[in-house]
Amino acid sequence: MPIVKVTDVDFRYKDIWALRDISFDVRRGEFLGVIGPNGSGKTTLIRVIDGILAPDKGGVSIGGKAIRGMRRRDVARLIAVVPQDSTMIFSFRALEIVLMGRSPHLGMLRFEGESDREIVRRAMEMTDTSSLADRSMDSLSGGERQRVLIARALAQEPEVVLLDEPTAFLDIKHQVEFFGLMKRLNRERGLTVIAVTHDINLAAAYCDRVMLLKEGRIHTLGVPGEVVTETNIREVYETDVLVDANPLNGLPRITVVAS
Amino acid sequence: MEKSFITPSRIARVSALLVILLVIAGVVSILTGTAGIGAARVFRGIVTGWREGHLALDPSERTILFSIRLPRIIFAGIVGAALSTAGVVFQALLRNPLADPYILGVSGGSAVGAIIGILLGAGAVPFGIPALAFLGAVLTVALVFVIGSREGGLDSNTLLLAGVIVNAFFSAVIMFFISTSSSADLHTITFWLMGDMSLADGNKIVLMTLLLAVGSGVVYCYARPLNLIVAGEETAMQLGVDVKSTKIILFFAASLITAVAVAFAGMIGFVGLVIPHMMRMALGTDHRLLIPASFLFGASFMVLADTVARVVFSGMELPVGVITALCGAPYFVYLLRTRRM
């Protein structure tokens with residue numbers, strides 16, 4: 001049984017359709033990439049899966065449970081989101097941010113217990129953030145902050161992790177580091193990942209399957225070799241690119257054609 | 001890493017320390033005053049009273065200590081605790097370091113209520129002026145919410161702007177009343193506007209304590225969700241908080257707490273802005289610790305500020321708002337220049 005099931009989802013903001021007829025499944029332990037131009041519905045899709053937006057038609061279920069009508073607390077036990085770099089007006093320490101991941105598992109006036117702390121410790125070890133625990137978030141680099149946010153997502157112990165353009169503000173070294181870490185967690189821990197990204201090469205390099213969105217509809221969904229082709233990219237992005245095989249791993253690689 | 005976790009025992013330790021500070025502030029305050037009752041004499045009086053079953057103090061001394069100074073100290077403590085707690089909540093909910101308890105128009109609304117009360121002679125009726133001030137505050141917050149709510153949600157920026165506009169409108173109304181009042185009323189109004197602690201009595205204290213306990217209790221129940229809201233509203237939703245209902249409950253609780261303080265003590269500035277920042281710098285942003293710490297430290301600060309207001313000029317009393325701003329502002333500048341916010 002698929003862990004994530006999206007069925008016939010339509011969503012519109014006022015009178016603008018953002019998602020049309022979206023249906024797909026994600027297997028447990030799969031790494032799915034979602035690519036598409038600005039305004040193609042990538043982030044809307046993430047918010048619909050997480051239940052923050054309610055679709056006009058269709059629905060989403062995680063592990064057989066429908067998200068619609070679920071309390072936020074219960075959704076947060078199933079789905080974690082790693083956002084783009086987030087700035088805060090009052091800064092928390094890295095440890096406090098990761099502890100927030102335990103929040104959906106705690107009652108109103110309950111404090112984190114020893115088992116919660118153990119989960120947080122492990123999450124910080126896996127993401128190599130233990131040494132940052134007492135540092136204030138705004139004293140960390142962009143790459144370190146994103147690792148802390150991954151640790152928070154892991155501390156949530158979710159069924160699925162959604163990545164919402166998590167590398168948008170990172171340089172190339174930290175982009176590779178970020179996706180490398182997600183891939184390792186995906187392989188070693190069986191973590192199911194849905195990653196929205198602008199970077200087609202990163203998606204092709206790290207994802208088991210890639211979904212290409214165009215104007216709120218699924219244009220193509222398949223393994224990177226099927227999706228990332230010159231024809232598809234031209235049709236969706238209206239830009240000429242060169243696609244060849246990455247000499248290191250044979251995966252598709254795009255090159256921008258400068259006019 | 002162990003020491004960094006916020007635990008109930010750490011909160012208890014910090015709170016105990018701040019309770020001791022509050023008791024010290026109270027003792028200093030009760031022994032300070034223009035009547036010149038020496039500390040040694042009071043202690044001797046209490047100790048002999050303990051042995052012999054009655055306080056060995058003059059009736060006039062007893063009146064000054066326990067009927068005048070003590071209620072006023074408790075009153076000041078309640079007001080300080082209320083304003084500081086409300087300040088923490090407003091800064092967190094609006095994610096704005098400039099927010100204070102008055103930012104949504106509570107001050108302007110209650111001032112107009114109080115001034116109308118003063119001009120109508122409501123001071124002659126028990127609770128007349130506070131009741132009108134409270135009513136003004138509640139109506140104003142309701143109005144700001146109506147203006148600030150959009151598509152069923154409360155957008156922080158819209159609320160802030162609504163509060164600014166409503167406060168500006170009420171300032172004009174207050175100016176109008178001031179410019180047309182007699183000089184006797186003017187003195188009362190001015191004192192009210194700057195914050196006045198001289199009207200403490202037992203009934204008021206009981207009523208204020210009850211309302212403050214309810215408001216702060218509700219606020220404390222939402223301390224952890226408040227942490228998540230500070231981290232971002234979308235983040236809070238992703239981490240399982242029902243942001244919409246949490247915000248509404250917290251806005252109303254914090255407005256109630258503010259209205260209690262303003263209705264009885266007038267507009268005392270700066271406490272609700274500065275104390276939350278001081279505590280955040282000292283203890284961090286976790287509201288499970290920040291809320292009780294601000295509550296207790298705000299109480300101590302206000303008790304001491306009111307003591308200074310009582311005695312700094314012999315023979316006349318300053319409005320306590322003058323003291324809070326005069327010592328609060330320079331200290332705040334010092335913090336701004338030396339520490340990261």
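Biologist: Which residues touch the most other members of the largest nonpolar core?
Modeller: This is a predicted model. In it, the largest nonpolar core has 179 residues, and A:Ile79, A:Val98, B:Val79, B:Ala82 and B:Val260 touch the most other members.

Biologist: And which helix gives the largest share of this core?
Modeller: That's helix H3 of chain B, residues 59-93, with 15 residues in the core.

Biologist: Back to A:Ile79. What is A:Ile79 in contact with, leaving aside neighbours within four places in sequence?
Modeller: A:Ile49, A:Asp50, A:Ile62, A:Pro158, A:Val160 and A:Leu162.

Biologist: Which way do the residues of its strand point?
Modeller: In strand S6 of chain A, residues 79-82, A:Ile79 and A:Val81 point one way, while A:Ala80 and A:Val82 point the other way. In a regular strand, side chains alternate between the two faces of the sheet.

Biologist: Are those four buried or exposed?
Modeller: All of them are buried.

Biologist: OK, so how many bridges join S6(A) to S7(A), and do they run parallel or antiparallel?
Modeller: There are 4 bridges between S6(A) and S7(A), residues 160-164, and the two strands run parallel. One of the partners to look for is A:Leu163 in S7(A), which pairs with A:Val82.

Biologist: Different topic: what's the strand order in the open sheet of 4 strands in chain A?
Modeller: The order is S2-S1-S4-S5, with antiparallel pairing. Strands S2 (16-26) and S5 (65-66) of chain A each have a single partner strand, so they stand at the edges with one side left without a neighbour in the sheet.

Biologist: And how many bridges join S1 to S4 there?
Modeller: Strand S1 of chain A (residues 4-13) and strand S4 of chain A (residues 57-62) are joined by 5 bridges. On S4(A), A:Lys57 stands opposite A:Asp10.

Biologist: Now the two chains. How many residues of chain A are in contact with chain B?
Modeller: 26 residues of chain A are in contact with 26 residues of chain B. Helices H2 (72-78) and H3 (94-100) of chain A each supply at least two residues of the side that touches chain B. That side of chain A divides into 15 nonpolar, 3 polar and 8 charged residues.

Biologist: Last one, helix H11 of chain B. Why is it called largely enclosed?
Modeller: Because 17 of the 23 residues of H11(B) are buried.

Biologist: What span should its residues have?
Modeller: At 1.5 Å a residue, the 23 residues of H11(B), 243-265, should span 33 Å, and the end C-alpha atoms are 33 Å apart, which agrees. Just after H11(B), B:Gly266 takes a positive phi of about 80 degrees.

Notes:
Residues numbered from 1 in each chain as written. Chains lettered and ligands numbered in written order. Predicted model: local features only at pLDDT ≥ 70, side-chain atom pairs only at ≥ 80, totals over all residues. Buried ≥ 20, exposed ≤ 12 C-beta atoms within 10 Å, placed from the backbone. Pairing = 2+ DSSP bridges. Contact = placed C-beta atoms within 7 Å. Nonpolar A, V, L, I, M, F, W, Y, C, P; charged D, E, K, R; others polar. Core = buried A, V, L, I, M, F, W, Y, C linked by C-beta atoms within 7 Å. Expected span 1.5 Å × (residues − 1).
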